[in-house]
Structures are given as C-alpha cells and as structure tokens.
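Colleague: Before we use this structure for anything further, could we go through its backbone, its sheets, its salt bridges and its interface, one topic at a time?

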Amino acid sequence: MTYQPQADFGTPESRSTEQVTLTIDGRPVTVPAGTSVMRAAAEIECSIPKLCATDSLESFGSCRLCLVEIDGRRGTPASCTTPVEPGMVVHTQTPHLQKLRKGVMELYISDHPLDCLTCAANGDCELQDQAGAVGLREVRYPVEATHLGQAKDQSNPYFDFDPSKCIACSRCIRACDEVQGTLALTMQGRGFDSKISAGLASDNFLGSECVSCGACVQACPTATLVERSVAEIGTPDRAVVTTCAYCGVGCTFRAEMRGEQLVRMVPWKDGKANHGHSCVKGRFAWGYAQHAERITEPMIRDSIDQPWRVVSWDEALGFAATKLNAIKARYGATALGGITSSRCTNEETFLVQKLVRAGFGSNNVDTCARVCHSPTGYGLNKTFGTSAGTQDFDSVDESDVILVIGANPTDAHPVFGSHMKRRLRGIDGRPPAKLIVIDPRRIDLVRSPHIEADHHLALRPGTNVAVLTAMAHVIVTEGLADEAFIRERCDWDEYQHWAEFVSLPTNSPEHLAAVTQVPAETLRAAARLYATGGNAAIYYGLGVTEHSQGSSTVIAIANLAMATGNIGRRGVGVNPLRGQNNVQGSCDMGSFPHELSGYRHISNASVRALFEQDWGVELPPEPGLRIPNMLDAAVEGTFRGLYVQGEDILQSDPNIQHVAAGLAAMDCVIVHDLFLNETANYAHVFLPGSSFLEKDGTFTNAERRIQLVRKVMTPLNGMADWEVTQALANAMGLGWSYAHPSEIMDEIARLTPTFAGVSFDRLDKEGSLQWPVNEAHPDGSPIMHVDGFVRGKGRFVVTDYIPTEEKTGPRFPLLLTTGRILSQYNVGAQTRRTENSLWHGEDQLEIHPVDAEDRGIRTGDWVKLSSRAGETTLRALVTDRVAPGVVYTTFHHPDTQANVVTTDYSDWATNCPEYKVTAVQVGASNGPTDWQRDYDEQARRSRRIAPVEAEAAE
Amino acid sequence: MSAGADTTATLIRMANQIAQGLAREADPAAAAAEHIRLYWEPRMIKALLATGGAGLSPIAQEAYGRLAGA
Ligand code: SF4
Ligand code: SF4
Ligand code: SF4
Ligand code: FES
C-alpha cells in the first residue's frame with residue numbers, strides 16, 4: 001500500500017441526528033444537519049480546494065480558496081463556512097470558480113519560496129496539492145514579498161518552524177487553541193506582514209508556553225511547521241495504526257514508516273481515546289526505542305559484583321532455567337516469583353503470571369500497579385463490585401461539574417487533560433463545566449488560559465479522607481443526597497448507617513478544618529456544587545491512592561458518587577486516571593498474587609478449576625507474596641528467585657534501601673528490559689526486551705478500552721517480549737507453543753468472562769472494545785453500572801479518617817509530596833533517553849517562599865532533603881504553588897532517588913506505598929549524600945560488561 | 001518467614017492498620033481476619049501467629065485469635 005495521509009474532510013463531523021439531502025455536482029448526498037458543504041462534498045470524494053480548513057478545527061473562512069456556486073444564491077460562498085440545506089444544488093467546479101481560485105493561489109505562491117524539490121514536505125504539502133488542484137501554471141506577481149528569507153526557529157528538538165513558508169492560514173494557532181488548549185501561538189501583523197509567533201515575539205518555541213504536543217505541526221498545511229524527522233529521513237511510504245506505550249490515555253497513532261525506519265508518529269483521527277490529538281511523549285519521544293544504551297543481547301553473571309558476560313539466548317535461558325529449577329528443588333515453589341509490567345501488553349502480562357502460577361508453581365506474582373492503583377481495585381470492588389473506571393473519556397463532554405482530586409491531568413494524562421479543558425472552556429458551545437480541584441499543590445488546571453477552578457481545596461497532604469467525609473457531611477446534613485437513586489440502586493440500610501456517621505458533628509467541615517486546612521466555607525461550597533450542579537464526574541489519580549488511606553479514599557469517592565446519584569450514565573462517574581499505558585490491563589490480567597484474570601480470587605475453587613483444566617496443572621489456593629513481602633522474605637532467606645519483566649522496582653518502589661537489600665539477598669534475579677535499569681544492578685540474568693514498535697499485542701487504557709499494538713519493525717533483540725517469556729518457560733520444560741499473541745488473547749477470552757467476546761480479529765475490525773465484552777454486552781461497555789451495580793446493590797462503606805503514622809515534628813517539620821510532569825514518564829527510563837530532557841533536565845524540590853526564606857534557600861540552590869528513611873540532594877525551586885509547610889518533587893531521575901526519602905508506610909488494605917506524604921527537613925547541602933555516592937559506585941561497577949575477548953580467555 | 005525483628009514489626013503494623021481500617025464493619029475482628037486470609041501469603045500469617053500477638057490492638061488481637069483458631 002502506498003502512503004496516504006488520513007483523509008481530511010475539511011470541517012469537523014456534525015453530531016446531529018437529523019439528515020439533510022442535497023446535490024453536489026449533480027450527485028445526491030445525505031449528511032447530518034450542521035455539516036458544511038465542504039464536508040458533504042468530501043463524503044462523496046469531491047475535494048474542494050482548501051487551505052485554511054482542516055477537520056480537526058472549526059471552520060475559519062479566511063483563505064477564500066474553497067468557493068462554490070449554489071443555485072439561487074448570489075456570489076460565491078466559502079464551502080467550509082456554509083452549512084448544508086435540504087435541496088441545495090452546489091457546483092464546485094465552474095470556469096468562474098477556477099479563475100477565482102487561481103487568482104487566490106497565485107497570491108499565496110507569490111509569497112512562498114519555490115523550493116519544492118528540496119522542501120521537507122515535498123509530496124506531503126497541501127499548498128503544493130492545491131496549486132495542482134486549481135491548475136496554477138504561472139505566477140504573475142514578482143516573487144519578492146515580505147515573508148521570504150526569515151530565520152528558522154529550530155529551538156524545539158522535534159519540529160522546525162520556517163516562517164518563510166508560512167501562508168498565514170492560522171491553522172496552527174487554532175490547533176493550539178482549540179485542540180490542545182495551551183494558546184501558545186499568536187499572529188502578529190496583518191496581510192503579507194502577518195507572522196506566527198510562539199508567545200512574545202522574542203520567544204522561540206522552546207522558551208514559550210508550548211508543550212510540544214504537535215497539534216500545530218499536524219495542522220500546518222505547508223512545511224512551515226514540520227517534524228524534524230521528516231526533514232532528516234524523508235517522507236513516509238506506509239502507515240500502521242498502533243497504540244502509544246506511555247500513559248493510560250491510550251492514544252492511537254499512525255506509525256508512518258519508510259522501510260523499517262519510523263519517520264513519525266501521527267495521532268490517528270479515528271482513535272477513540274484521542275480523536276487525533278497527542279502529547280509530546282507519544283508523538284515525539286519514541287527515540288529511546290533505538291537508543292545506543294539499549295541492550296540487545298542476553299547477558300549473565302554468577303554474582304552481582306562480576307561484570308556482565310554477553311551470551312547467546314540459549315545459554316542465557318539455560319542458565320536462568322537451571323537456577324530457577326535448582327531453587328525450586330531446594331527451597332520449594334514458594335521461593336520463586338515474578339513481576340509483570342504495566343508497560344507490556346496484556347498477552348505478555350498474562351504469560352508472566354501464567355509462568356509464575358503454572359510454571360514456578362507459586363502465586364508470588366505482583367505488578368508495579370501495586371504501587372499506584374491497587375487501592376482502586378480494592379475500593380471500587382468493595383463499593384461497586386468491579387475494579388475499573390465507570391466512564392469512557394468522551395463522557396466528560398456531558399459533565400456539568402468536574403471534580404479533580406489528587407490528579408494532574410494536563411501533566412500526567414495530557415491528551416485527556418486537553419479534552420477536559422475543552423469542556424471547561426465550553427468551546428463546544430455549551431456553558432463551561434464548573435471545576436473543583438482538591439490538591440495540596442496549585443496544579444496547572446487551577447489557573448490556566450481561560451480556565452479558573454471554581455474551588456481549589458488546597459488540603460494538607462494526607463487528609464483526603466477527612467475532606468471527602470466533610471463533603472459527605474454537607475451533602476447529607478443539607479439534604480442534598482439523591483435518596484430516590486439510593487433507594488433504587490444501593491443498600492438502604494448501609495446508606496443510613498453511613499449517613500449517620502458522616503453527619504456526626506466531628507465530621508463537619510468546621511471541625512475538620514483544623515486537620516485539612518481547608519476553610520469550611522470553601523469546602524461547603526464545593527460540596528454543594530458537586531451535589532447540585534448537574535452531571536458531576538470525579539477524576540482521580542495517584543494523589544488519592546498513594547496514601548496509607550488510599551483504599552479508604554477510593555471508597556469515600558465512590559460513596560460521594562452514589563450519594564448524589566452521579567453514577568450509571570454519561571457525564572458522571574468515578575474515573576481513576578491510570579499512570580502507565582497498561583496499568584488497567586496488567587491488573588485485569590491477574591497480576592496480583594490473590595487473583596486470577598478478571599479479578600477472581602484465587603481461593604475460589606471453581607475459578608481455579610477452570611484454569612487448572614486449561615493449563616493442566618494444580619494451582620495453590622492461597623494468595624502469594626506482594627512485592628514488599630517478597631523482599632522481606634528474601635532478606636529472611638525463604639524467597640530466592642525473581643523474574644522481573646519491564647519494571648524497575650528499585651527505582652519505582654518505596655524505600656529503595658529495603659528493595660536493594662531484598663534483591664541482593666536473592667540467588668537469581670532475572671531482569672527483562674530494554675535497558676540496564678537500576679534493578680538490573682542486582683540481577684544475574686539480563687534478557688533484552690523489545691519495544692512496543694516491535695511486537696503485536698493489546699493494551700487496555702484507563703477507560704477499559706482494549707486496543708491493538710502492531711509490530712512495525714523487527715525486534716532489535718530478535719524476540720518480542722512474549723516470545724522471551726515463552727522461551728524461558730520452555731527452557732524450564734513447560735512446552736508452550738504460542739505462535740502469535742492472538743492465541744494468548746484467545747486463551748484470556750476463554751478463561752475470563754469479562755473478555756469473552758474479545759479477539760484480535762474483532763479488534764482489528766472494530767478498532768477497540770471496552771470490557772466487559774460478553775453475552776450481556778456484546779459490543780462492550782463504554783459506561784458501567786447503567787442498570788445496576790456489578791455487585792447488585794451499591795454498597796456504602798464508612799471511612800474513618802485515620803491520620804497517617806508519618807507525622808511532622810521538630811526534626812522533620814515539612815510534608816513532602818511527589819508527582820510527575822508532562823515531558824517525563826514514570827521513572828524516566830524512556831523519556832530520559834530522548835530530547836524530552838530539554839524540558840526537565842533534573843528533579844527539583846518546590847518549596848514555599850516562607851519556608852525557603854527560613855532556611856536561606858534560593859531557587860537553584862542545592863538542598864538536602866532528609867526524612868526518617870534517608871536523604872538525598874537536589875535543586876530547589878521557590879514557588880507559591882505549594883502551601884507553606886509542604887514541599888514537592890518529581891521522581892523521574894535516578895540520581896535524585898526521591899524514593900530514598902519516602903518511607904515504607906503503605907495503604908492499610910493493599911500495601912500501596914505512601915508516596916504522597918513524608919515528613920522531611922530541607923537544608924543547605926554540600927553536594928551528593930553518602931547514599932548517592934555509594935549508589936553511584938555500586939551502579940557503575942554493576943553495569944560493567946566484559947569485553948568479548950575477555951570472555952574467550954576464561 | 002522466620003521473622004526478623006523488622007519483619008515482625010511490619011506484620012504487626014499491617015495487622016493493626018487492617019484492624020483500624022475495618023473498625024467500622026459490623027464485626028471488625030471477623031472482617032480483619034478475613035482480610036488477612038484473603039490477601040496474605042501463608043508464610044506471613046504463620047509469621048504473624050509466631051509473634052504471640054504482642055503489640056496488636058484489641059481488634060487485631062481478636063482477629064489474631066480467629067486466625068489461630070482456624
Ligand atoms: S506544539 Fe502544541 S502546544 Fe506547542 S504551539 Fe503547537 S499546538 Fe501549541
Ligand atoms: S505556520 Fe502553518 S499553520 Fe500556521 S499559519 Fe503558517 S502555514 Fe498556517
Ligand atoms: S497522552 Fe498518553 S497515550 Fe496519549 S500520546 Fe501522550 S503519553 Fe501517549
Ligand atoms: S478553506 Fe474555506 S475559506 Fe479557507
């Protein structure tokens with residue numbers, strides 16, 4: 001198939017259900033009312049020339065190229081701004097129109113360099129296409145106008161801006177405004193003098209507000225804004241649709257290829273999660289897949305103070321299998337375990353847990369989702385009966401009130417953040433949704449262009465439950481609860497019990513203000529707005545789950561939604577925003593030690609029987625060890641071998657010294673990853689991994705949407721990750737024979753009722769499916785709990801506010817909370833290996849001016865951050881985004897090791913670590929701490945790879 | 001687990017946290033014992049039972065009794 005850009009219908013789709021029939025160039029066409037004449041024509045493959053219109057943006061009507069003639073109307077209206085009418089008769093091509101269009105085109109071209117042959121967009125330029133389409137053959141104006149010869153802006157690492165080629169169509173400005181919502185671009189001057197600029201005229205792209213989402217690049221019809229990779233490699237010759245491997249939004253992209261080389265990732269307009277939008281990570285930060293530090297050959301060593309030895313796959317797998325089998329023979333199956341990855345595909349995750357349960361013979365399987373969303377599983381299961389968000393992303397279009405708690409969508413889930421911002425700005429033509437933000441820090445959403453939160457509850461870290469209970473107090477005591485809904489859908493007795501509890505005077509906002517530091521009136525106003533403002537939706541993130549009361553907070557959120565009837569239809573619901581791309585999927589696939597795929601407890605004999613029959617083994621009926629307990633057991637000597645796929649537990653788990661001690665105590669640690677990550681410093685076997693571009697499979701995003709990942713190039717390491725796991729299983733003598741991931745999905749569907757209707761064939765045909773997909777929901781389930789809760793009656797559960805044991809005191813007077821930023825991803829293993837580091841070169845400690853002054857700290861100073869657990873150093877950023885008494889940092893860089901200071905306190909129900917509250921002290925620093933120095937030394941020694949000659953000499 | 005001092009302390013703390021988290025259930029001790037059975041690996045339960053229960057809160061103490069009796 002030759003390369004074709006995605007079709008552009010010129011103006012957005014109309015959602016009207018009313019149909020209109022008209023005639024275009026003698027052919028009848030029926031389209032929804034509100035469709036433009038341009039789009040109607042495109043539907044019958046009649047492409048009217050255009051420059052300023054594109055279907056991701058509202059029509060603008062500035063270029064005058066799309067003129068048409070309409071019977072009974074005077075003049076030549078612009079087809080992009082003219083809506084269809086019944087019986088309309090349109091002519092798109094007449095001698096008169098042709099002459100007009102040529103004239104317009106001539107003007108544009110006279111101000112445009114004629115270097116098409118050497119232009120990066122040659123062959124992929126709308127100006128070129130349109131010049132051809134209107135039959136332009138000569139330019140009668142002298143080519144000398146004002147635009148030419150301007151300097152290129154190459155400050156952005158991923159795209160160039162060449163103002164000489166600009167035709168001032170303003171598509172870029174409108175994309176930044178309408179699609180992304182950053183409003184970074186402006187037009188200066190008029191006519192031939194007009195010039196696009198990023199922020200102030202003096203700014204360049206990198207220095208501006210631009211977040212490098214790429215929307216303007218995609219919208220630009222010329223080579224003015226063009227991906228640098230296109231300039232360097234050339235235009236693509238084929239495109240494959242695949243899914244982003246960064247975050248839980250699950251954007252789909254066209255991977256545009258030239259041979260086996262990826263030229264660019266272009267967001268797919270038909271993607272149901274992203275509708276053609278993207279963020280800097282998925283759009284541009286894929287260079288890590290081919291980074292020089294990527295390890296492509298297996299390596300082994302007997303002990304971690306030896307250098308690595310590069311060996312063949314056979315030798316590495318044999319070495320690993322021998323060690324694992326020996327441990328099993330000597331210490332029993334419970335001495336072995338595995339960790340699945342939220343970055344790998346569903347099929348790969350399923351195989352790892354199968355290897356552990358069926359091959360190793362233990363239930364010691366866990367996943368890094370433990371450290372982020374395990375409380376979501378517990379809390380939503382208790383109250384609603386299943387562990388997943390209730391809505392699809394598009395549901396937000398119908399929300400009237402949006403409550404964001406402990407989440408930072410514009411940074412952590414940027415494409416959904418942009419979607420939410422469109423609703424908050426009301427650019428869909430309806431009154432903007434109201435916004436409540438509950439966060440210790442002033443996240444961007446609180447105040448950004450054209451958005452201002454109605455209420456920002458800047459609570460003290462660790463008091464989520466108190467704030468939510470106080471909101472419930474207001475709702476119940478002021479009579480705002482939706483009793484009709486509760487009587488019909490929930491357990492009434494449990495509701496009454498709960499209502500009585502939250503009504504206690506000790507749960508009033510006035511009483512709790514002392515602990516939450518949220519003024520009672522603000523809290524009351526927020527509660528009233530949530531309960532009475534129309535469709536109200538809650539979005540939450542790690543700021544909810546990563547607390548000792550994480551599970552209670554999730555339950556408290558579910559209680560609020562039930563009490564106000566905000567569940568079971570569009571525009572409402574409870575929505576966990578998942579961190580990594582396949583957190584949802586890895587949880588669904590049975591990655592937790594106590595449950596099999598589809599959230600079924602391992603103690604359930606009939607569920608076990610199903611798997612036992614299919615797999616031909618007996619499964620232990622008791623839950624296995626979780627990550628922190630595996631490490632405890634390792635120190636004790638009863639846990640000795642671990643297979644870690646695609647996760648870096650040393651960097652992402654709390655209390656890094658505890659993790660290091662646990663890993664160091666094991667006999668066999670197998671790390672399966674793209675890079676020698678931090679965990680690999682303690683590994684004996686390194687199995688090289690494959691990137692998402694090199695394998696087939698599926699990811700499941702935060703809205704339960706299962707989407708295909710498609711292989712676009714041969715794995716550099718020779719095998720996709722599922723093949724590596726299978727090879728390891730076979731080296732242990734398990735005799736697996738999957739030929740393709742689709743066969744693994746068939747097994748998942750066979751064994752998991754909520755996936756019963758899922759197959760690669762269907763996904764290929766339908767693009768995506770939202771589980772449950774089964775007899776009751778043959779086409780999947782965009783919204784859950786529509787006619788009743790999964791568990792039957794919704795359950796109210798009383799949540800007591802229990803302060804964390806982590807308390808401030810004279811030695812550690814400040815509270816540290818942690819988060820993420822847009823350009824980096826999780827522990828940063830991928831993004832740090834891309835140009836994204838230009839935006840975030842190091843982790844910084846945000847500290848309030850008052851606390852900074854007390855300590856004599858200025859922005860840019862090196863400071864020491866210490867807690868009861870440990871200390872580290874980093875640079876300070878003095879800002880009032882954080883409240884006095886609170887400091888904040890990210891954890892994207894291994895040199896900072898923010899997790900050296902976080903403690904091993906954890907959620908009471910799930911042991912999800914309490915990353916969000918640590919009592920700390922901040923002071924001036926004299927450079928890296930001992931721990932940082934020791935760690936660097938250990939890491940340096942551990943990463944040595946023996947030269948191949950040395951190996952021969954042995 | 002043969003329960004080093006650290007691990008023992010962790011298990012006691014976890015059991016107390018669970019008991020506290022479920023203190024509002026109709027039968028908190030039963031709920032806590034059930035929670036531990038559903039989520040803890042047998043080694044951890046054994047190690048908890050080997051501690052003798054010192055340092056457990058009253059609800060956790062009762063849950064401990066149920067786990068030991070089971
Ligand atoms: S890349 Fe995105 S944020 Fe930057 S100017 Fe373009 S549209 Fe705006
Ligand atoms: S940069 Fe591109 S999109 Fe923006 S006005 Fe110029 S030609 Fe149009
Ligand atoms: S929002 Fe998430 S899924 Fe979408 S492109 Fe960015 S990182 Fe990828
Ligand atoms: S495309 Fe209609 S006026 Fe530009």
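Modeller: Let us begin with A:Arg64, which lies in the loop between helix H1 (37-43) and S3 of chain A, and please keep in mind throughout that this is a predicted model.

Colleague: What is the sign of phi at A:Arg64, and about how many degrees is it?

Modeller: A:Arg64 is not a glycine, and it is placed in the loop between H1 and S3 of chain A. Even so, its phi is positive, at about 60 degrees.

Colleague: Is the peptide bond from A:Trp771 to A:Pro772 cis or trans?

Modeller: A:Pro772 is found in a loop of chain A, the one between strand S30 (768-770) and strand S31 (814-819). For the bond that leads into this proline from A:Trp771, omega is near -5 degrees, and the bond is therefore described by the term cis.Colleague: Turning to the sheets, which strands stand at the edges of the open sheet with the order S2-S1-S4-S3 in chain A, and why is one side of each left without a neighbour?

Modeller: The four strands of this sheet have mixed pairing, and within it strand S1 (residues 19-24) and strand S4 (residues 89-91) of chain A run parallel, joined by two bridges. One of the partnerships between them is that of A:Thr23 with A:Val89 in S4(A). Each edge strand has a single partner strand, so one side of it has no neighbour in the sheet, and the edge strands of chain A are S2 (27-32) and S3 (69-70).

Colleague: What is the average twist from one strand to the next in the open sheet S9-S10-S11 of chain A?

Modeller: This sheet is formed by three strands with antiparallel pairing. Strand S9 (238-243) and strand S11 (261-267) of chain A are at its edges, each with a single partner strand, so one side of each lacks a neighbour in the sheet. From one strand to the next, the twist averages 30 degrees.

Colleague: Which residue in S11(A) is the bridge partner of A:Glu256?

Modeller: Strand S10 (residues 252-258) of chain A and S11(A) run antiparallel and are joined by six bridges. In S11(A), the residue that A:Glu256 has as its bridge partner is A:Arg264.

Colleague: How many residues apart in sequence are the parts that the pair of A:Arg425 and A:Asp177 ties together?

Modeller: Over all chains the structure holds 46 salt bridges, and one that joins the side chains of A:Arg425 and A:Asp177 has an N to O distance of 2.6 Å. A:Arg425 belongs to helix H12 (residues 414-425) of chain A and A:Asp177 to helix H4 (residues 171-180) of chain A, so the parts tied together by this pair are separated in sequence by 248 residues.

Colleague: What is the area buried between chain B and chain A?

Modeller: The contact involves 24 residues of chain B and 34 residues of chain A. On the side of chain B, the residues that lose the most area to chain A are B:Arg24, B:Tyr39 and B:Arg43, which together account for 28% of what that side buries. Carbon and sulfur atoms give 51% of the buried area, whose total is about 2400 Å².

Colleague: Which residue of chain A forms a salt bridge with B:Arg24?

Modeller: Across the interface of chain B and chain A there are two salt bridges by the rule applied, and the count of residue pairs in polar contact is seven. In the salt bridge of B:Arg24, the closest N and O atoms are 2.8 Å apart, and the partner is A:Asp800.

Colleague: Which helix gives the largest share of the side of chain B that touches chain A?

Modeller: Helix H1 (5-21), helix H2 (28-39) and helix H3 (42-50) of chain B each supply at least two residues of that side. The residues of this side of chain B divide into 10 nonpolar, eight polar and six charged. The largest share, eight residues, comes from H1(B).

Note on methods
Residues numbered from 1 in each chain as written. Chains lettered and ligands numbered in written order. Predicted model: local features only at pLDDT ≥ 70, side-chain atom pairs only at ≥ 80, totals over all residues. Heavy atoms only, no water. Pairing = 2+ DSSP bridges. Axes fitted to C-alpha atoms, helices over the stretch in contact; angles between N-to-C directions. Contact = heavy atoms within 4.5 Å. Buried area = accessible area lost by both parts, 1.4 Å probe. Salt bridge = Lys/Arg side-chain N within 4 Å of Asp/Glu carboxyl O. Polar contact = N/O pair within 3.5 Å; in protein donor to acceptor, adjacent residues only side chain to side chain. Nonpolar A, V, L, I, M, F, W, Y, C, P; charged D, E, K, R; others polar.
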